[in-house]
Amino acid sequence: MLANQTAGIFNVDITIYNVQITAISETVLSILGLLGIILLPRLQKALRTASRH
């Protein structure tokens with residue numbers, strides 16, 4: 001969505017690339033999640049609670 005809005009500022013139509021952009025974004029987020037760079041908010045809260053005890 002951010003990419004569409006940014007492209008709209010410059011009058012560029014990138015809607016034809018939406019499927020590829022979505023697939024790449026999901027892949028990158030999945031990899032980051034597997035590496036532990038992105039954690040779910042519940043998991044973060046559980047880890048903080050566990051580290052206090």
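This tour proceeds through a predicted model, from the whole chain to its helices and then to single residues of one loop.

**The whole chain**

Begin with the entire protein in cartoon representation. Three helices and zero strands are present, and the order of elements from the N terminus is α-α-α. Switch next to a surface view: the accessible surface amounts to about 5,000 Å², and carbon and sulfur atoms account for 67% of that area. Of the 53 residues in the protein, 4% are buried.

**Confidence**

Colour the chain by pLDDT. The mean for the protein is 80, with 87% of residues at 70 or more. Select helix 3 (residues 41-52), where confidence is lowest, at a mean of 73; then select helix 2, where confidence is highest, at 85. Where pLDDT is low, the predicted coordinates should not be read in detail.

**Helix 2 and its end**

Keep helix 2 selected and display the C-alpha atoms at its two ends. They lie 26 Å apart, in agreement with the span of 26 Å expected for 18 residues at 1.5 Å a residue. Proceed to Gly 36, which follows helix 2 and has a positive phi, near 85°.

**The loop between helix 1 and helix 2**

Return towards the N terminus and select the loop between helix 1 (2-9) and helix 2 (18-35); Val 12 is one of its residues. Asn 11 and Ile 14 also lie in this loop.

Select Asn 11 first. Its phi is positive, about 55°, although Asn 11 is not a glycine. Most residues other than glycine have a negative phi. The relative accessible area of Asn 11 is 73%, so this residue counts as exposed.

Move to Val 12. With a relative accessible area of 45%, Val 12 is partly exposed, because this value falls between the limits of 20% and 50%. Add Ile 9 and Phe 10 to the selection: together with Val 12 they make a nonpolar surface patch of about 350 Å².

Finish at Ile 14. Is this residue buried or exposed? Ile 14 is buried, because its relative accessible area of 16% is under the 20% limit. To see its surroundings, show Ala 3, Asn 4, Ala 7 and Ile 21, with which Ile 14 is in contact when neighbours within four places in sequence are left aside. For a last distance, pick the C-alpha atoms of Ile 14 and Ala 3: they are separated by 8.2 Å, while the two residues stand eleven residues apart along the chain.

Terms used
Residues are numbered from 1 along each chain as its sequence is written. This is a predicted model: local features need pLDDT of at least 70, side-chain atom pairs count only at pLDDT 80 or more; totals for chains, interfaces and linings use all residues. Side-chain values use heavy atoms; hydrogens and water are left out. Patches are made of residues with over 30% relative accessible area and no salt bridge: like charges are joined within 9 Å, nonpolar side chains (Val, Leu, Ile, Met, Phe, Trp, Tyr) within 5 Å. Accessible areas come from the Shrake-Rupley method with a 1.4 Å probe; for residues, only the protein chains shown count as cover. A salt bridge is a side-chain nitrogen of Lys or Arg within 4 Å of a carboxyl oxygen of Asp or Glu. Helices (H or I, at least four residues) and strands (E, at least two) are DSSP runs, numbered from the N terminus. Buried means under 20% relative accessible area, exposed over 50%, partly exposed in between (1.4 Å probe, protein chains only). The expected span of a helix is 1.5 Å times one less than its number of residues. pLDDT is the predictor's confidence in each residue, from 0 to 100. Contact means heavy atoms within 4.5 Å.
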